[in-house]
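Please read through the following walk-through of one protein model. The sequence and the structure come first, and the explanation follows.

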Amino acid sequence: MSDTVTLIVKTITQAPIFLSLVTLVGLLLQHKKPHEILDGVVKTLVGMTMLSTGSGLLTSTLTPVIQKLNEVTGVQGVVPQNFSVYGTMLSEYATAVVMAFLLGFIINLLLVKIVPWKQCKNVYLTVHVALILSSFLCASTSAAFGWEIVSVPTIVTSGILLGCYNTFSPAIARLYTRDVTGDNYTLGHQLQIGTGLAVLLAKAVGNPEEDADKIKLPKGLDVLKDVTVAMAILMPLIFIGMGLAIGEAGIQELAGSNQWIVWLFLQGISFTAGFTILLAGVRMFINQLLPAFKGIADKYAHGSIPALDCAIFYPLSGTGAMLGFISAACGALLAMIITIVFHLPVVVFPSPNVVVFDGMTLGVFGNKYGGWKGAIAAGFVTVFLVHLLVIFLYPLTGVLYGGGLTYSQTDYSLFWMPLMSTLSGIGHLLGLA
């Protein structure tokens, strides 16, 4: 790719810029006044930037502690961490990754236009997640069939798989999001299928009437119903607990000149601040994006809705999100312990991405369909399974295998792992791999 094209692609695939452009197009199609267009575009840009900033704080506070916890266990293994492996693929195979992404996006738009079923009219707008999936598909497809990564077969096959997934997996998500969003938008991440399974689990073990957000607390503890206050109390305790498991020496390396307990406390507060910023950003940009998207849907594909980042759903149940996060962390730690104790082929360390973003999403929908018990079960069981299945996902990543990092998020383990295993088997039968 030429430097100019690369620059343009890298610019418009930045989530805040991409969604601001979507808002701009939607408002122009509705012939809004210039000041209304400016208001919508700026608030989308700022709101999405707040979401990205908040997400960055969540991972930047938790990741060093998780990595240090992994280090002190004294074993070699794999950490599921999307952005790390995506960065590796993009630095080496940018042409394949971006071309497959663009092809997948075009296929998504074509399918939305021609597929007759309303359920499948979903425009996938979580660009950074689609790019990460494109990198996974390029790596795993080339490994399955013995193709070069930068080749027409790899790019075309990856683009087709990406476009189909980005169209039809949000259709599955609409089955459980429509009751909480009014079917105005749906989930577009790497969580659609995994969250669907978590919803079934939540329904089986819980009761939606036992809503975590409506739990009656003793007088004087009502303040804990404010998710910011509850998280500001809970998260420092969680960080301090992990710090005690790691030991003073290990944490002091991270803390630098700060006292190690104080540093852990402030990491917990920073995590809470990130979550609060994220929620505020969601509220700001979703109020601009949805009306603007209606302009695009009315002109291009009537009845289509946007499939959006998982963080959009956190405000629907702040307490559910918190319970999902905590239970997901417990599930990930249990999976790690099992892989160590039973000497499984790969030791799988807790993934910050899965624990935070997947765990919170699973908790929100677990709570909506199974109350507080559903939130806990959805986070714990699903994330536990996701981490164990990384054992089978990891070898499918071709050139990335053996590097100590692999892809994270629920659908990589629950959907892409069995699919790519099947395609790899076909490739071996045909003598291609």
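How much area does the protein chain expose, and what share of it do carbon and sulfur atoms supply? The protein chain exposes about 17700 Å², and 68% of this is supplied by carbon and sulfur atoms; accessible areas come from the Shrake-Rupley method with a 1.4 Å probe. This is a predicted model, in which local features need pLDDT of at least 70 and side-chain atom pairs count only at pLDDT 80 or more, while totals for chains, interfaces and linings use all residues. Residues are numbered from 1 along each chain as its sequence is written, and side-chain values use heavy atoms, with hydrogens and water left out.

Of the 433 residues, 53% count as buried (under 20% relative accessible area, with a 1.4 Å probe and protein chains only). Along the principal axes, the C-alpha atoms fill a box of roughly 55 × 55 × 45 Å.

The secondary structure comes to 13 helices and five strands (DSSP runs, H or I of at least four residues for helices and E of at least two for strands, numbered from the N terminus). Among contacts between residues at least 6 apart in sequence, 81% join residues at least 24 apart; contact means heavy atoms within 4.5 Å.

One helix pair can be followed in detail. Helix α3, residues 34-72, packs with helix α9, residues 248-255, at an angle of about 145°, and their axes are 11 Å apart (axes are lines fitted to C-alpha atoms, for helices over the stretch in contact, and angles run from 0 to 180 degrees between N-to-C directions). On the α3 side, Pro64, Val65 and Lys68 meet Gly250, Glu253 and Leu254 of α9.

How values were computed
Buried < 20%, exposed > 50% of the residue type's maximum accessible area, 1.4 Å probe, protein only.
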